[in-house]
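Q: I am new to this structure and would like a close look at one part of it, with the surroundings explained as you go. Could you walk me through it in a connected way?

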Amino acid sequence: NKFPNEEFVDPTTFDWNDKTKWASYTFIPDYKPNGLKVDVVICPRNRKIDKHRNWKKEKWQLLVDSLSQYSIGSCGAVDTTYKLDGVINSFDYDDISSDIEMIRNSKIVVCQESGLLYLAMMCQKPIITVDELNEVSIAHAGNVQISSVIGGYKKVADKIIEVLDHKTNI
């Protein structure tokens, strides 16, 4: 609950719609942007705790392969995410500040229920959530669009393409 001015913030009264209060914040005071800009950000979860929540590496790779016409970035810590082919990994640059930069500069975020989901919500990006069972609950935060897609990587890819091609909203 700490923000750049080191004051504690009460999340129940904080004006989350005022982007000037948090949207430009990074965790490293002297952080220099790396120019991380992609169409799609994926946040593959590969954690030992609650392993049943991890989407398999093969499904993430199939999703990436089916979106080869778009630039794709992957967010997450090097030890709790997958190294996939055809993506720009935020962990190759910095830590969470690179995740923030990549998410803020993307058009859509695909993630599982994790801290990166909440980070994407704070960055006010459209979000598609997935899990290993392909069933998740739909959440709502202010004017952030969040959708769950049931049916595996192909349906997720189709939904992403529809959104990027402006054929539908989340």
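Which residues does Leu63 touch, not counting residues up to four places away in sequence?

A: Leaving out residues up to four places away in sequence, Leu63 touches Ile42, Trp55, Val110, Tyr153, Val156, Ala157 and Ile160. Please keep in mind throughout that this is a predicted model.

Let's start from that neighbourhood and work outwards. Leu63 belongs to the largest nonpolar core, which has 21 residues. Within this core, Leu63 is one of the residues that touch the most other members, along with Val40, Ile42, Trp60, Val110, Val156 and Ile160. Strand 1 (40–43), helix 1 (57–66), strand 4 (108–111) and helix 4 (153–164) are the elements that each give two or more residues to the core. Helix 4 supplies the largest share, with 5 residues. As a general background, nonpolar side chains in soluble globular proteins tend to be buried together. There is also a second, separate core of 17 residues, and Cys75, Ile103, Leu116 and Leu119 are among its members.

Two partners of Leu63, Ile42 and Val110, lead us to the strands. In strand 1, Val40 and Ile42 lie on one side and Val41 and Cys43 on the other; all of them are buried, so both faces of the strand are covered. Strand 4 can be described in a similar way: Ile108 and Val110 are on one side, Val109 and Cys111 are on the other, and all are buried. The two strands run parallel and are joined by 4 bridges. Follow the pairing residue by residue, and you find Ile42 opposite Val110, while Val41 has Val109 as its bridge partner in strand 4.

Strand 1 also pairs with strand 2 (residues 72–74), again in the parallel sense, over 3 bridges. Here the bridge partner of Ile42 is Ser74. Ile42 therefore makes a handy landmark: it has a bridge partner in strand 2, it stands opposite Val110 in strand 4, and it is touched by Leu63. Between strands 1 and 2 comes helix 1, and the three elements make a right-handed β-α-β unit. Strand 4 has a further parallel partner in strand 5 (residues 127–129), with 3 bridges between them. Cys111 finds its bridge partner there in Thr129. To get from strand 4 to strand 5, the chain passes through helix 3 (residues 115–122), and this β-α-β crossover is right-handed.

Another partner of Leu63 is Trp55, and this residue has a ring partner of its own. Trp55 and Trp60 form an aromatic pair with 4.8 Å centre to centre and 80 degrees between the planes, an edge-to-face arrangement. Both Trp55 and Trp60 are buried. The count for the model comes to 1 aromatic pair.

A few residues in the loops and strands deserve a glance too. Most residues other than glycine have a negative phi. Asp50 is not a glycine, yet has a positive phi of about 55 degrees. Asp50 sits in the loop between strand 1 and helix 1, and counts as partly exposed because its relative accessibility is 34%. Gln124 also has a positive phi, of about 60 degrees, without being a glycine. The loop that holds Gln124 lies between helix 3 and strand 5, and a relative accessibility of 22% makes Gln124 partly exposed.

Asn89, in strand 3 (residues 88–89), has 3% relative accessibility and so counts as buried. Setting aside neighbours within four places in sequence, Asn89 is in contact with Ser74, Tyr82, Lys83 and Met102. Ser74 is already familiar as the bridge partner of Ile42.

Stepping back to the whole protein, there are 4 helices and 6 strands, in the order β-α-β-β-α-β-α-β-β-α from the N terminus on. Of the 170 residues, 45% are buried. Among contacts between residues at least 6 apart in sequence, 55% join residues at least 24 apart.

Finally, a word on confidence. The mean pLDDT is 75, and 65% of the residues reach 70 or more. Residues 1–9 have a pLDDT below 50, and this stretch has 14 contacts in the model beyond near neighbours in sequence. The pLDDT is also below 50 over residues 135–142, a stretch with 11 such contacts.

Methods. Residues numbered from 1 in each chain as written. Heavy atoms only, no water. Core = buried A, V, L, I, M, F, W, Y, C linked by side-chain atoms within 4.5 Å. Buried < 20%, exposed > 50% of the residue type's maximum accessible area, 1.4 Å probe, protein only. Contact = heavy atoms within 4.5 Å. pLDDT = per-residue confidence, 0-100. Pairing = 2+ DSSP bridges. Right-handed = clockwise from strand over helix to strand, strands pointing away. Phe/Tyr/Trp six-rings, centres within 6.5 Å; stacked < 30°, edge-to-face > 60°.
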